[in-house]
Structures are given as structure tokens and as C-alpha cells.
Amino acid sequence: PGCSFDDEKFPEIVRAFVHDKKCNYYFYAAEHFVSQSAFVTQNSGCANDLDTVIRLEELDDGLAELAEKVGKVQSCDMGDSNSASNKPGGLPSESQTMAILKQIPDLMKDICMIYAQDFICYDYELPVECEGLF
């Protein structure tokens, strides 16, 4: 099914999303926006040492590295089912979302603070708008 989207309302939607995430409100599919640091540390008890961190955007390479560490060979690739090409048309793209965040620097800074541990611990590139925050 086709989707339609009002581009004029997009900045307002991004602002509301960042507000809800900043305030840690639960919203539909909120678990998809949990920081990677939270996934690593959310279990009870003492944390185990990590010797392999697999970034989702480098999943196949990360799984191959993990397989090698445990003496196995990775024999399959993970499918890419969450790409823009698999989503319905008419939805805002990643680049449109980034453009809104760049137009409203305070929102970009909020996003950087929400995901600060991920930027630091997993070596994600920090947007220019967030340099010097931490």
C-alpha cells in the first residue's frame, strides 16, 4: 500500500519524537530506538567482558569475526530486510530526517546526548553539530 506524508509537518514530528525519546516515554516500537549500550548492559547481574562487538550496519563482517573467534566458519549472510528499498514509498528518508536535525541544532544535540554512550563506546562518527558536547 502506498503511503502519503506531509513534508511540512515533518519537522514537528521529528521534534515530538526527540522530545519523547529524551523524556524516555514509551511509544509504539520504542524498543527499536534503545541505545546499543542499553542492549549490552540491560541484563541483571555482573556484566561479562565483551571481546566482540557487532554493529548492525556491519553485521555480516561482525558475525564472520565472531565465528572465527570460536573456530567456526560463517556459512550464511543475514538478509537486509530493513533497508529503504523495502519500505513503502512516501515515507521520509534517512537523509530527510538528518536534514531536519541539521536545521534544528538543538534537536541534533539532544539525539547526540541520548546516544552519547554509543558514540563513545562503539566509535560512531559524531555529527559536527555535536562536537564538544562530551
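**Stop 1: His32**

Start by selecting His32, which sits in the loop between α1 (10–22) and α2 (36–41). Keep in mind as you click that this is a predicted model. Is His32 buried or exposed? Its relative accessible area is 62%, so His32 counts as exposed, because the mark for that label is over 50%.

Now add Phe134 to your selection and draw a line between the two C-alpha atoms. His32 and Phe134 are 102 residues apart in sequence, and the line should read 24 Å.

**Stop 2: the patch around Phe134**

Stay with Phe134 and add Met113, Ile120 and Leu133. Together, Met113, Ile120, Leu133 and Phe134 form a nonpolar patch on the surface. How much accessible area do they have together? The answer is about 370 Å².

Next, pick out Leu133, in the segment after α6. Leu133 has a relative accessibility of 33%, so it counts as partly exposed. That label covers values between the buried cut-off of under 20% and the exposed cut-off of over 50%.

**Stop 3: Asp118**

Move to helix α6, residues 116–121, and select Asp118 there. Show its side chain and look around. Asp118 is buried, yet it has no salt bridge. Which side chain of opposite charge is nearest to Asp118? That is Lys21, and it is 9.2 Å away. A salt bridge would need a side-chain nitrogen of Lys or Arg within 4 Å of a carboxyl oxygen, so a gap like this one does not qualify.

What does Asp118 touch, leaving aside its neighbours within four places in sequence? Select Ser35, Gln36 and Ser37, then Asp123 and Tyr124: Asp118 is in contact with each of these.

**Stop 4: the whole chain**

Zoom out and switch to a cartoon view. How many helices and strands are there in the protein chain? You should find six helices and zero strands, giving the pattern α-α-α-α-α-α along the sequence. The C-alpha trace spans about 55 × 40 × 30 Å along its principal axes.

Colour by accessibility next. Of the 134 residues, 20% count as buried. The chain exposes about 10,300 Å², with carbon and sulfur atoms supplying 53% of that area.

Finally, colour by charge. The chain carries 10 positive and 24 negative side chains, and the centres of these two sets lie 5 Å apart.

One last thing to try is a display of contacts between residues at least 6 apart in sequence. Among these, 46% join residues at least 24 apart.

How values were computed
Residues numbered from 1 in each chain as written. Predicted model: local features only at pLDDT ≥ 70, side-chain atom pairs only at ≥ 80, totals over all residues. Heavy atoms only, no water. Helix = DSSP H or I, 4+ residues; strand = E, 2+ residues; numbered from the N terminus. Buried < 20%, exposed > 50% of the residue type's maximum accessible area, 1.4 Å probe, protein only. Lys, Arg positive; Asp, Glu negative; His and termini not counted. Contact = heavy atoms within 4.5 Å. Areas by Shrake-Rupley, 256 points an atom, 1.4 Å probe, with all protein chains shown as cover. Charge placed at Lys NZ, Arg CZ, Asp CG, Glu CD. Patch = residues over 30% accessible without salt bridge, like charges linked within 9 Å, V, L, I, M, F, W, Y side chains within 5 Å.
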